[in-house]
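Q: Hey, got a minute to walk me through this model? I'd like to start with one side chain and work outwards.

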Amino acid sequence: MKIAIIGTGYVGLVTGTCFAEVGHDVICVDNDKSKVEMLQGGGIPIYEPGLEEMVKKNVEAGRLRFTDSTNEGVEASDVVFIAVPTPPQPDGSVDLSFIEKVAREIAGAMTSYKIIVDKSTVPVKTGDKVAETIKRYCQAKVEFDVVSNPEFLREGFAVDDLMNPDRVVVGVMSQRPVVAMKEIYEPFKAPIIVTDINSAELIKHAANSFLALKISYINAISAICEASGANVTEVANGIGMDERIGRRFLNASLGFGGSCFPKDLSAFIAISDELGYDFALLKEVQRINADQMSRFVRKITDTLWVLKEKKIGVLGLAFKQNTDDTRMSPAVELCNRLAAEGAELRVHDPKAMEKARPLLPEGITYVDDMNDVAEGCDALVIATEWPIFTELDLEKARKSMSAPIMFDGRNLFDPQEMEKLGWTYKSIGR
Ligand code: UGA
């Protein structure tokens, strides 16, 4: 298939690359000229395991190219995917202006039948608006179909999630685009669910909100565990073995973050409100998430008493493992809260230090080696679940600190083992 992808962020770039990998002819479009030049020159603007090699391979094979011209992309393709940002507005609803602008641009460039597929996360009923807009702005008055095809990839595992999806959701307004959509996804060997367009849009918000709810649920349980002396990992294992519940996304933490869950929850609450339903359950999910961070900060302040002039080492700045993304990162929020209380921070992240820098106050020490972070510190904090942190030289860290206290916001270590090694160890719900 000849495919254009408008927008080369996480979703657009990984989707385009994986489509090329299975043999489609892909042109990726971005209005950011410097990004396009970087990609044309073999550079990758994000860190995502496996992506760089896959981009290189497909560019060399002539199946993947980049341009800053929407006209060129639309002209060269039969199916045009929209993968532009849908950022939050101050009231929690979604700013759809990029989608609207791209819809107008596509309409202006169309000279023959096209399938326009929305991959960006959007509120239910956005497809109707996209179709109206294209109809209004298409001078050539050619036929087209609008499809919703939400993306379920996780950052850090994006290539793998895209190459091996659990399911592919295709929301349509008529049956005409179904054959082409099935042809695009046939090589991925995943079940394809064809629905009406509103249901497809809703599936995305409902899925992300449910996963966020699962995390808030286990985080609420972690508070009960702390108050009762139970162990949240045991509880998660115990309930997770029930196949109806499942163990995944039941890791208690200092809260979820990133560019998806917080934004999508707010957007789902806002669109539900607009449709006349008060989604109080999801408001509670947000409240528990904020409270989880506050409880963690309180744990640190209760133990250290005064944070002013205390040196705290922080391992992790990314919003989760395997990514350099720091958008809405709980680790960054934690650092800002500790710095606001007067703590002197020494921080390290395997990939996210550059992206975190503009989000953190002046005066923080960025440490290149994770094993040097604890040097002279009054406490060490684990803020991101990078697996490499489990290989920390605990003995070296303990000896180099003024007091060997660890606050583990990701439950990476075993409490009994840590006590045995001479640490005062405080984690989540254990
Ligand atoms: C999420 C969804 O998992 C994807 O399916 C979806 O496609 C994506 O949003 C999106 O809408 O684009 P992502 O934001 O990349 O993916 O990251 P997740 O792996 O879902 O993690 C989100 C947050 O929850 C992270 O801060 C993570 O540390 C936290 N988390 C996750 C927990 O605190 N506990 C868990 O058990 C799992």
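A: Sure. Bear in mind that this is a predicted model. The serine 253 side chain comes within 3.0 Å of the backbone nitrogen of glycine 255.

Q: OK, and where does serine 253 lie?

A: Serine 253 is in the loop between helix H10 (232-240) and H11.

Q: Buried or exposed, that serine 253?

A: Buried: its relative accessibility is 4%, and the cut-off for buried is under 20%.

Q: What is serine 253 in contact with, leaving aside neighbours within four places in sequence?

A: Ile215, Asn219, Gln292, Gly409, Arg410 and Ile428.

Q: Switching to the ligand: how many residues surround it, and which are the closest?

A: There are 21 around the ligand, and Ser253 is one of the closest, along with Leu153, Glu155, Lys204 and Asn208.

Q: What's the mix of nonpolar, polar and charged in that shell?

A: Nine nonpolar, four polar and eight charged residues.

Q: Which helix gives the most to the shell?

A: H9, with three residues. Helices H9 (197-228) and H11 (261-274) each supply at least two.

Q: And why does the ligand lie between domain 1 and domain 2?

A: Because domain 1 (2-190) and domain 2 (205-285) both give residues to the shell around it.

Q: Which backbone atoms lie by oxygen atoms of the ligand?

A: A backbone N or O of asparagine 251 is 2.9 Å from a ligand oxygen, and one of leucine 250 is 3.5 Å from a ligand oxygen. For phenylalanine 319, a polar backbone atom sits 2.9 Å from an oxygen of the ligand.

Q: How much of the ligand does the protein bury?

A: 93% of the 720 Å² that the ligand exposes when taken alone.

Conventions. Residues are numbered from 1 along each chain as its sequence is written. This is a predicted model: local features need pLDDT of at least 70, side-chain atom pairs count only at pLDDT 80 or more; totals for chains, interfaces and linings use all residues. Side-chain values use heavy atoms; hydrogens and water are left out. A residue is near a molecule or strand if one of its heavy atoms lies within 4 Å of it. A polar contact is a pair of N or O atoms within 3.5 Å; within protein, one must be able to donate a hydrogen and the other to accept it, and residues adjacent in sequence count only if both atoms are side-chain atoms. Accessible areas come from the Shrake-Rupley method with a 1.4 Å probe; for residues, only the protein chains shown count as cover. Helices (H or I, at least four residues) and strands (E, at least two) are DSSP runs, numbered from the N terminus. Ala, Val, Leu, Ile, Met, Phe, Trp, Tyr, Cys and Pro count as nonpolar, Asp, Glu, Lys and Arg as charged, and the others, Gly among them, as polar. Domain bounds come from an automatic or database domain assignment. Buried means under 20% relative accessible area, exposed over 50%, partly exposed in between (1.4 Å probe, protein chains only). Contact means heavy atoms within 4.5 Å.
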